[in-house]
Amino acid sequence: MPGDLPHPERSEIQLTDVLFALSDPERLAIARQLADGPLDMAACHATDPNLPKSTKSHFMKVLREAGVIRNEPHGRRRMLTLRRDDLDSLFPGLLDSVLRTP
């Protein structure tokens with residue numbers, strides 16, 4: 001389908017990739033927003049509103065390629081979701097621990 005981006009299968013998600021993706025404060029902020037439910041990519045933001053769109057796109061790519069989020073077409077927009085079920089299945093308790101860390 002046009003507009004589809006590659007996402008790792010559950011079996012391909014690696015702990016080191018997930019931890020790296022969540023190690024950046026801006027990417028972690030995005031994951032925290034998605035913990036409450038899906039968001040339109042336009043509504044999801046990093047903590048620094050002055051970041052260029054290219055940087056935001058890079059953040060989304062790192063999170064997607066690590067298996068932390070899904071970024072899927074939704075009409076003319078893109079919908080972001082946290083892959084909580086996959087991450088909780090592979091690494092029980094990790095996501096909750098990381099997301100609530102100050």
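The exercises below work through salt bridges, strand pairing and helix burial in a predicted model.

**Exercise 1. Salt bridges around D86**

Task: Determine which residues are linked with D86 in a network of salt bridges, and describe how buried or exposed each member is.

Solution:

1. Begin with the total: five salt bridges are present in the structure.
2. One of them joins the side chains of R10 and D86, with an N to O distance of 2.7 Å. R10 belongs to the segment before helix 1 (15-23), while D86 lies in helix 4 (residues 84-90), so the pair connects distant parts of the chain, 76 residues apart.
3. D86 also forms a salt bridge with R83, where the closest N and O atoms are 2.8 Å apart.
4. Taken together, R10, R83 and D86 make up a network of salt bridges.
5. For accessibility, the cut-off for buried is under 20% relative accessible area. D86 has 13% and is therefore buried. R83 has 4% and is buried. R10, with 36%, is partly exposed.

**Exercise 2. A salt bridge between two strands**

Task: Find which strands hold R77 and D40, and classify both residues by accessibility.

Solution:

1. The side chains of R77 and D40 form a salt bridge with an N to O distance of 3.2 Å.
2. R77 is in strand 3 (residues 77-82) and D40 is in strand 1 (residues 39-40); the two are 37 residues apart, and the pair links distant parts of the chain.
3. R77 is partly exposed because its relative accessibility is 49%, and exposed would require over 50%.
4. D40 is buried because its relative accessibility is 17%.

**Exercise 3. Strand pairing**

Task: State in which sense strand 3 pairs with strand 2 and with strand 1, and name bridge partners.

Solution:

1. Strand 2 (residues 69-74) and strand 3 are antiparallel and pair over six bridges.
2. Within this pairing, E72 has M79 of strand 3 as its bridge partner, and P73 is opposite R78 in strand 3.
3. The connection between strand 2 and strand 3 is a hairpin with two residues between the strands. G75, in the turn, has a positive phi of about 70 degrees.
4. Strand 1 and strand 3 are likewise antiparallel, paired over two bridges. Here L39 is opposite L80 in strand 3.

**Exercise 4. The two sides of helix 1**

Task: List the buried residues of helix 1, decide where they lie around the axis, and identify what they pack against.

Solution:

1. V18, A21 and L22 are the buried residues of helix 1.
2. These residues cover an arc of only 90 degrees around the axis, which means that they lie on the same side of helix 1.
3. A general rule is relevant here: an α-helix has 3.6 residues a turn, so residues three or four places apart point the same way.
4. The face turned away from the buried side carries the exposed residues T16, F20 and S23.
5. The buried residues pack against helix 2 (25-34), helix 3 (53-66), helix 4 and helix 5 (94-100).

**Exercise 5. Cover of helix 2 and the ring of F20**

Task: Establish how many residues of helix 2 are buried, what covers them, and which charged end sits over the ring of F20.

Solution:

1. Eight of the ten residues in helix 2 are buried, and the helix is mostly covered.
2. The buried residues are E26, R27, L28, A29, I30, A31, Q33 and L34.
3. Their cover includes helix 1, strand 1, helix 3, strand 2, strand 3 and helix 5.
4. R27, a buried residue of helix 2, has its charged end over the ring of F20, at 4.9 Å from the ring centre. F20 itself is on the exposed face of helix 1.
5. A search of the whole structure for aromatic pairs finds zero.

**Exercise 6. K53**

Task: Locate K53, classify K53 as buried or exposed, and give the C-alpha separation from D96.

Solution:

1. K53 is in helix 3.
2. With a relative accessibility of 73%, K53 is exposed.
3. K53 and D96 are 43 residues apart along the chain, and their C-alpha atoms are separated by 28 Å.

How values were computed: Residues numbered from 1 in each chain as written. Predicted model: local features only at pLDDT ≥ 70, side-chain atom pairs only at ≥ 80, totals over all residues. Heavy atoms only, no water. Salt bridge = Lys/Arg side-chain N within 4 Å of Asp/Glu carboxyl O. Helix = DSSP H or I, 4+ residues; strand = E, 2+ residues; numbered from the N terminus. Buried < 20%, exposed > 50% of the residue type's maximum accessible area, 1.4 Å probe, protein only. Pairing = 2+ DSSP bridges. Arc of directions from axis to C-beta. Contact = heavy atoms within 4.5 Å. Phe/Tyr/Trp six-rings, centres within 6.5 Å; stacked < 30°, edge-to-face > 60°. Lys NZ or Arg CZ within 6 Å of the ring centre and 35° of its normal.
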